[in-house]
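Hi everyone, thanks for making time this morning. I'd like to walk you through the strands of one structure, so please have it up in front of you.

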Amino acid sequence: MIRHKPASKAQTLRHTESLVTRFAVPRFEIVETSDYAADPDAVLAGLMQTFAGVQLAVRSSAKGEDGGEKSMAGEFSSVLGVDAGSKAAIAAAMDEVVESYRKYGETEAVGEIIVQEMLLDTVMSGVVFTHDLNTGAPYYVVNYDDVSGLTDTVTSGSGEYANRTLYIHRGALDALRSERFQRLTAAVRELEQVLGNEFLDIEFALGRDLQPYLLQVRSITTQPNWNRAVARRIDAALAGIQRFVGGRLQRMSGVYGTTTVLGQMPDWNPAEMIGRAPRALAMSLYEQLITNDAWRQARAEMGYAAPAGQPLMVSLAGQPFIDVRLSFHSYLPAALPAELGEKLVDAWVQRLRENPEFHDKVEFDVALTCFSFDIDDKLASHVGDALDAEERGRYRAIVRDHTAGLIRGEGGGSIAGALARIETLRGRLDAWLASSASHSIHDLFWLIDDCIRLGTIPFSILARHAFIARTMLLSLQGSGVVSGEDVQRFQSGIRTVAGELVDDMRALQTGKMPPGRFMARYGHLRPGTYDILSARYDQMDAFGAGGATVERDVSHAAFAFSDEQMARIDAQLQREGFGEVGAQDLVAYMTEAVAGREYGKFVFTRSISEMLELIADFGERHRLSRDEMSHVPIRQLLEVAVRSAEEGVEERLRDVAEEHANHHAVTVAIRLPQVLFDQAGVHVVPFQVSQPNFITSKSVSADCAVLRPGRPTPPIDGKIVVIEGADPGFDWIFSHDIAGLITKYGGANSHMAIRCAEFGVPAAIGAGEQRFESVIRAQRVLLDCASGLITVLH
C-alpha cells in the first residue's frame, strides 16, 4: 500500500506531486462533487479562469476507486479534449463523470473530480505496472502507444496501436538501450522510492522532449493472488537463461554459422504445437518424438545437410526455443560445399536478426529451402552479396538438381515411401488396439519407437515436401503463370482428411452417420495433441451436437490449370533444366504433398493420443491424476518400468510431479521474447510484432468467439473464431458456419492456413502477441484479408 496514502486518487496525485522530481504532473484542480452540486456556476467559472486557453481532461476520483485491496480502474468515466473556454463543455464532462458514480451507488455528495490540463504534444503514453499483474513476477510491464499521440488509447483499449507491451526485468535496467524507456523507468524508480511502494499501477505520458508526466498512480490490487515464492525464483532463473544463451550463441562444432537466433516459432514452431509454457510431459514428448532426432533424420533421408546428433529444440526455464542455425543448416542440400553453406547460414541468421517479424515464416521470407521459379529474386533479397556470382550459380544448380530429384521421387525421402511407412504405423496401431491382450506401461517403449520410425520421421518428410510444393506454387504465381485466385482454387480443390472430417461431422450432426462410426475414425483427435489434459473427441460430452448443417460454399473438385498455363509451366521447367519433370508431374507432386502431409499428421497424432491415454490409465491405477501426470517427463515415467526404487510408483511419480509443477510455475511467470538473438533480450522483452498470414481475399465483420483449452466452448456459428494455435484437434470448427479465424501462432503453411484455404474461410494465421491480446478482449472485429487488416470494432 502507498505510504501515507491520502483518501482518494485525486489526493494521492496531489500528495505525490510535491515528492517527485523526475515525473512532472500536469496542472490540475480537485473539485468536490458536493461543491459542484451546491454551486455549479461558481465551480465552472473558476475552472474557466484557471485553465483559460487550454484543453482539459476531466477524470474520476470516486470514493473507494483506488483502495489498497480493490481497484475500480476504468469503471468510471473520464472525458478528454474538453474546451476550457466552453462552460457547457466543462459542465457536460463533469456531469458525465458524476453520473458514472451513480451506477455504483455513489451520489453527488461523495467523491471528487480531477480537472487537469491535457497534454497535447506527447510521443508516448500508457500504463506501467511495477510487477507483473497476474503473477507478481519482477518486471516493469509497460503497455504503451507511441504512434497516435493520444494519452488514453491504452487505458481505454481503443486505437489500433494500443497494447504495445514491453517487459523489463527489474534487476536489469542497465540493459535498456532506448533513451525514452531509460527516462521513464528512472522516473518510475523514484516514484517507488518516495511512496515506499514497489507495487504500483502508473498512468503516464512522455513529452516530445522525453519528459515523463505522471497522470495518476494507484497500488496494484492483485497482490493476494501472487505466489511470492515463484517471483523470488525468477531472478535466479533469468541469470541461468542469460548464461545459457551466451554459450549457445557461440560457434558449434560441425554446424554452419558463426552465431544463431533462438525462436519459438521457426521450423517446428513449438509455441504453436505445445505452447509457450508447456508442462513437462508435453515438452518431453515433443522432444523425444520430433526435435531430438526425427527432424534431422528425415531431412537426411531427403538429401539435406542434417547437423549430426544435434537436437533442434532447447529449453529456457521450460520454454521451448528452436536453434534456428540448425534449421538453416538443414535446409541446405547435402551436396553443397561447406564454404557456401557457412556463408548462407550466416546471411540468413543476419536477415532474421534484422527482420524478427519473419520468425514464423523463415522458410519463405528468410531462407531458401528448395528451388523455385523466382529463385534469382530470392537470392537477391535473402542472400544479397553473401555469395558472388559464381557461387550463386553453383548454389542454384545444386538446389535445382536436389529439388528435381525430390519431385521425381528419388531416394529414400520420397512421398510414396513416407506414406508407406505411415500406413504401416496405422496397421500396427489398429492391431494393438484390437488385441485382447491387456495394455501396460511397457507398451510405451514400442509405441514411441514406432511413432518415431513410422510416424514422425515420415511425417517430417511429407511436411518438407508440402513446403516445397507451396514454394513452387507461389513462385508460379510470382512469375505470372497463375493468378492468386488460381492458387486458392488449387489449394481448396485438394481433398484432404480434414475435408473428410468436416463432411463426416455434418453427417454426424444430421444423423446420417452413427456416433460410433464417427468416433472409430476421429475419436482420437484432441485440441492439444501433446496435452494429456486435453479431452479427445470421444471424451467430450455431446460432441457434434448442434452446429450449422448448411453446406459451405466450397467446391472440392480438383482444380485444373488451363492448357496454356500447363504449357507455360512445361516451358519454365525445361528452361530451368528439370529434365523429364513436366507440368503434369509438378501438379501431381504438389497435390500429393499437401494431401500426404495432412494424412500423415492424422495418423501419427493418433499414436500420440493412445500413448497419452495409456499414461493416464497408468496414473489412475496408481492414484495419480491427469494433472499430476502432466508434470511427469516421459523419460522419468519410462524409468519406472525399467529401474527399481525404494519408493512405490505412486510416491515416486508424485514427487516428480510436484518438483516439475514447481518448475512450471516459474516457466509460466517468466517472460521471454519469441525471438532471442542476444543476452540482453532475456531481460528486455517486447511483445513480438508479427505480420499475419492472411488467407483468402475476403473481408468479414463479426463478433469473436474465443476458444480456450479446458473452458466451455462458446457458440461459434457466424463468429470469427479466435484460438492460440493451429492444432489438428480444432478441425471440428470447420463443420460450423464460422465467419473467419484468427490465431496467435502459425505460419503461411501451417495446418490451419491449409484448412482455411481448403474451405475458403477468411483467416489471419499467426497474428502475433500484440494483435492477439487485443483481439481476445474485443467483442467484434473486422478481418479484411485483401487489405491485410485486423481492426477491433468493439
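Let me start with one definition: two strands count as paired if DSSP finds at least two bridges between them. Keep in mind as we go that this is a predicted model.

With that in hand, look at strand β2, residues 55-61, which is joined to β3 by three bridges, the two running antiparallel. One residue to click on here is L56, whose bridge partner in β3 is V82.

Now zoom out a little. β2 and β3 belong to an open sheet of four strands, in the order β1-β4-β2-β3, with antiparallel pairing. Its edge strands are β1 (28-32) and β3 (79-83), each of which pairs on one side only. On average, neighbouring strands in this sheet are turned by 30° against each other, ignoring direction. Lying across β1, β2, β3 and β4 (112-117) you'll find helix α4, residues 87-102, which runs at about 15° to β2.

Next stop, β6. Is this strand buried or exposed? Seven of the seven residues of β6 (139-145) are buried, so the strand is largely enclosed by the rest of the structure. As a general reminder, side chains in a regular strand alternate between the two faces of the sheet. In β6 both faces are covered: Y139, V141, N143 and D145 are buried on one side, and Y140, V142 and Y144 on the other.

And who are its partners? Strand β5 (residues 122-129) pairs with β6 in the antiparallel sense over five bridges, with V128 standing opposite V142. β7 (residues 164-169) also pairs with β6 in the antiparallel sense, over six bridges, and there H169 is the bridge partner of Y139.

Definitions and conventions. Residues numbered from 1 in each chain as written. Predicted model: local features only at pLDDT ≥ 70, side-chain atom pairs only at ≥ 80, totals over all residues. Heavy atoms only, no water. Buried < 20%, exposed > 50% of the residue type's maximum accessible area, 1.4 Å probe, protein only. Axes fitted to C-alpha atoms, helices over the stretch in contact; angles between N-to-C directions. Contact = heavy atoms within 4.5 Å.
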